[in-house]
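User: I'd like to go through this protein with you and ask how each label is earned. Can you show me the structure?

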Amino acid sequence: MAPFTTPGLTADSAATVVATLQERLSALNDLHLTLKHVHWNVVGTNFIGVHEMIDPQVELVRGYADTLAERIATLGESPKGTAKAIEDSRSWDDYSLGRDTVQAHLGALDLVYVGFITSHRDAIETTGKLDPVTEDILIGQTAELEKFHWFVRAHLESYTGELATAGATSEKAAADQAR
Ligand SMILES: [Fe+2]
């Protein structure tokens with residue numbers, strides 16, 4: 001437990017908030033690496049549009065990792081930003097596509113964002129009861145991540161509003177459905 005925390009927060013509350021933030025920090029670090037991996041591996045028709053669409057999101061997500069790491073430090077704990085910290089936090093699988101088409105990567109990214117946003121919303125729920133300041137940070141991040149998820153899904157959507165990835169439960173299945 002941290003020797004100090006921010007005023008008005010109990011040590012127990014801070015410990016729970018920090019644990020939640022550390023897991024989301026590792027998830028953001030993993031996400032910006034995954035997005036760069038997609039940026040490098042996407043091929044085929046419409047390459048340049050998606051290759052270039054990814055980079056602003058990488059910058060945004062790296063900035064969000066910085067915000068959560070500094071929030072952990074503000075709460076009196078040490079943020080862990082190493083590759084091992086990512087691995088230790090991971091309850092999700094490594095991104096499963098290598099070189100692949102634009103549609104396949106966008107299909108897989110749809111599932112990546114479903115998982116990420118669901119967990120960020122869970123973190124909002126957990127921290128909201130204990131520390132509304134942290135909750136507010138996570139809410140702001142989630143709104144922008146949901147907007148980027150829409151950018152991804154707009155490539156997978158039919159004119160009747162159906163998603164090509166509907167019902168897929170793995171990145172590979174989502175990629176196959178999106179091809
Ligand atoms: Fe690049």
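Analyst: Here are some questions and answers about this structure, which is a predicted model.

User: Okay, what is the order of the elements, and how many helices and strands are there?

Analyst: There are 6 helices and 2 strands. Starting at the N terminus, they go α-β-α-α-β-α-α-α. A record adds something here: an unreviewed UniProt entry annotates residues 19-157 as "domain: Ferritin/DPS". Over that stretch the chain is 78% helix and 3% strand.

User: Why does the radius of gyration agree with a compact globule?

Analyst: Set the two values side by side. For 179 residues, the rule for a compact globule gives a radius near 16 Å, and the protein has 17 Å, so the value agrees. As for its extent, the C-alpha trace spans about 55 × 35 × 25 Å along the principal axes.

User: Why is Thr134 called buried?

Analyst: The cut-off for buried is 20 or more other C-beta atoms within 10 Å. Thr134 has 28, so it counts as buried. This residue sits in helix H5, residues 132-154. Skipping neighbours within four places in sequence, its contacts are Val17, Leu21, Arg71 and Thr127.

User: How do you know that the buried residues of H6 line one face?

Analyst: Start with who they are: in H6 (residues 171-178), the buried ones are Glu171, Ala174, Ala175 and Ala178. Looking down the helix axis, they fall within an arc of 100°, so they line one face. What do they pack against? Strand S2 (100-101) and helix H4 (102-128).

User: What makes up the largest nonpolar core, and which helix gives the most to it?

Analyst: That core has 37 residues, and Leu28, Leu68 and Ala108 have the most contacts inside it. At least two residues each come from helix H1 (11-41), helix H2 (47-74), H4, H5 and H6. H1 gives the most, with 10 residues.

User: And which residues does Ala108 touch?

Analyst: Leaving out residues up to four places away in sequence, Ala108 touches Ser96, Leu97, Glu171, Ala174 and Ala175. You've met some of those names already: Glu171, Ala174 and Ala175 are among the buried residues of H6.

User: What share of the contacts joins residues 24 or more positions apart?

Analyst: Counting contacts with a separation of 6 or more, 73% are between residues 24 or more positions apart. One last number for your notes: buried residues make up 35% of the 179 in the protein.

Technical notes
Residues numbered from 1 in each chain as written. Predicted model: local features only at pLDDT ≥ 70, side-chain atom pairs only at ≥ 80, totals over all residues. UniProt positions renumbered as here; feature names shortened; annotations may be inferred. Helix = DSSP H or I, 4+ residues; strand = E, 2+ residues; numbered from the N terminus. Rg over C-alpha atoms; globule rule 2.2 N^0.38 Å. Buried ≥ 20, exposed ≤ 12 C-beta atoms within 10 Å, placed from the backbone. Contact = placed C-beta atoms within 7 Å. Arc of directions from axis to C-beta. Core = buried A, V, L, I, M, F, W, Y, C linked by C-beta atoms within 7 Å.
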